[in-house]
Amino acid sequence: MALTKERIVAEALALLDEGGLAGVTFRKLAQRLGVQAPTLYWHVTNKAALVTELAEAILEPIELLPIAPGQRWQDWLADLAERLRRALLAHPDGAQVLSAAQLSRRMAALSETAMSTLVESGLSLREARLTVLAVERFTVGHVLEEQAGAPDAADFDLEAYTARYPTVVRAITEYFEPGRTVDDLFRDTITVILR
């Protein structure tokens, strides 16, 4: 089978899914493809370019749907943020990959669609840009935290933390009443941002 950029990216995505971003190396990738590492440089110039191609692949499933008749732009943008979050969560370190990517074309298309939709909905270009930027950055940051995982329980003193930060602990406990999940937290926070 011929070596193509598409095949390289597909194998790199498989490596990402197996071991996160740290597991994506040119050596491992070349080994999977049955070639010498220098051969990869004909198709992907360096690790930064490979990370950008991974970001493109991660974002590919996001459908850029137009705003529906009668739909509020806030609801449309919240839905777009949900789809971005799901795409990033679909791969270990997905948010880290997007954060490290250099000029992702798909992210630019997402931003273009979002900003133009908000402008067409009556926001000024400045308001649209700032709103989209806030939602995109919040979404990526939220997923970065989700994918970082919980702190090591062995090194965490909940009693001392609660004594020092009682309002924080009360707020977390109150918010996560039975049945409420991190998905709810994401949606509720986006709603606050868009309000």
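Helices, here meaning DSSP runs of H or I with at least four residues, and strands, meaning runs of E with at least two, are numbered from the N terminus. The model on your screen is a predicted one, in which local features need pLDDT of at least 70 and side-chain atom pairs count only at pLDDT 80 or more, while totals for chains, interfaces and linings use all residues. Residues are numbered from 1 along each chain as its sequence is written, and side-chain values use heavy atoms, with hydrogens and water left out.

**The whole chain**

Begin with the entire protein in view, where you will find 11 helices and zero strands. The C-alpha trace spans about 55 × 50 × 25 Å along its principal axes. Of the 195 residues in the protein, 35% are buried, a word that stands for under 20% relative accessible area, as against over 50% for exposed and values in between for partly exposed, with a 1.4 Å probe and protein chains only. Taking contact to mean heavy atoms within 4.5 Å, 68% of the contacts between residues at least 6 apart in sequence join residues at least 24 apart.

**Helix α1 and its neighbour**

Select residues 5–19, which form helix α1. Helix α1 has 15 residues and reaches 21 Å from its first C-alpha to its last, close to the 21 Å expected at 1.5 Å a residue, where the expected span is 1.5 Å times one less than the number of residues. Now colour Ile8, Val9, Ala12, Leu13, Leu15 and Leu16, the buried residues of α1. These residues cover an arc of only 160° around the axis, which puts them on the same side of α1; the arc is that of the directions from the helix axis to the C-beta atoms. On the other side of α1, Glu6 and Glu18 are exposed. Among the elements that cover the buried residues of α1 are α2, α3 (37–40), α4 and α6. Just after α1, look for Gly20, which takes a positive phi of about 75°.

Add helix α2, residues 26–33, whose axis comes within 10 Å of the axis of α1 and crosses it at roughly 115°; axes are lines fitted to C-alpha atoms, for helices over the stretch in contact, and angles run from 0 to 180 degrees between N-to-C directions. On the α1 side the contact is made by Arg7, Ile8, Glu11, Ala12, Ala14, Leu15 and Glu18, and on the α2 side by Lys28, Leu29, Arg32 and Leu33.

**A stop in a loop**

Move on to Tyr41, in the loop between α3 and α4. Is this residue buried or exposed? At 40% relative accessibility, Tyr41 counts as partly exposed. Leaving aside neighbours within four places in sequence, Tyr41 is in contact with Phe26 and Asn46.

**Helix α7**

Next select residues 105–120, helix α7, which has 16 residues and reaches 22 Å from its first C-alpha to its last. The buried residues of α7 are Met107, Leu110, Ser111, Ala114, Thr117 and Leu118. Seen down the axis of α7, these buried residues fall within an arc of 135°, so they line one face of the helix. The face turned away from them carries the exposed residues Arg105, Glu112 and Glu120. What covers the buried residues includes α4 (47–59), α5 (73–89), α6 (94–100) and α8 (125–148). At the start of α7, a side-chain oxygen of Ser104 reaches to within 3.5 Å of the backbone nitrogen of Arg106, and just after the helix, Gly122 takes a positive phi of about 110°.

**Trp76, beside α7**

From α7, go to Trp76 in helix α5, which counts as buried at 2% relative accessibility. The C-alpha atoms of Trp76 and Leu118 are separated by 9.5 Å, although they are 42 residues apart along the chain. Not counting residues up to four places away in sequence, Trp76 touches Leu65, Pro66, Ile67, Gln71, Thr113, Ala114, Thr117 and Leu118.

**Thr139 and Ile190**

Finish with a pair of residues. Thr139 is in helix α8 and counts as buried at 0% relative accessibility; beyond four places in sequence, Thr139 touches Ala81, Leu84, Arg85, Phe186 and Ile190. Selecting Ile190 takes you to helix α11, residues 182–194, where Ile190 counts as buried at 2% relative accessibility. With neighbours within four places in sequence left aside, Ile190 is in contact with Ala78, Ala81, Val135, Phe138 and Thr139.

Key: A polar contact is a pair of N or O atoms within 3.5 Å; within protein, one must be able to donate a hydrogen and the other to accept it, and residues adjacent in sequence count only if both atoms are side-chain atoms.
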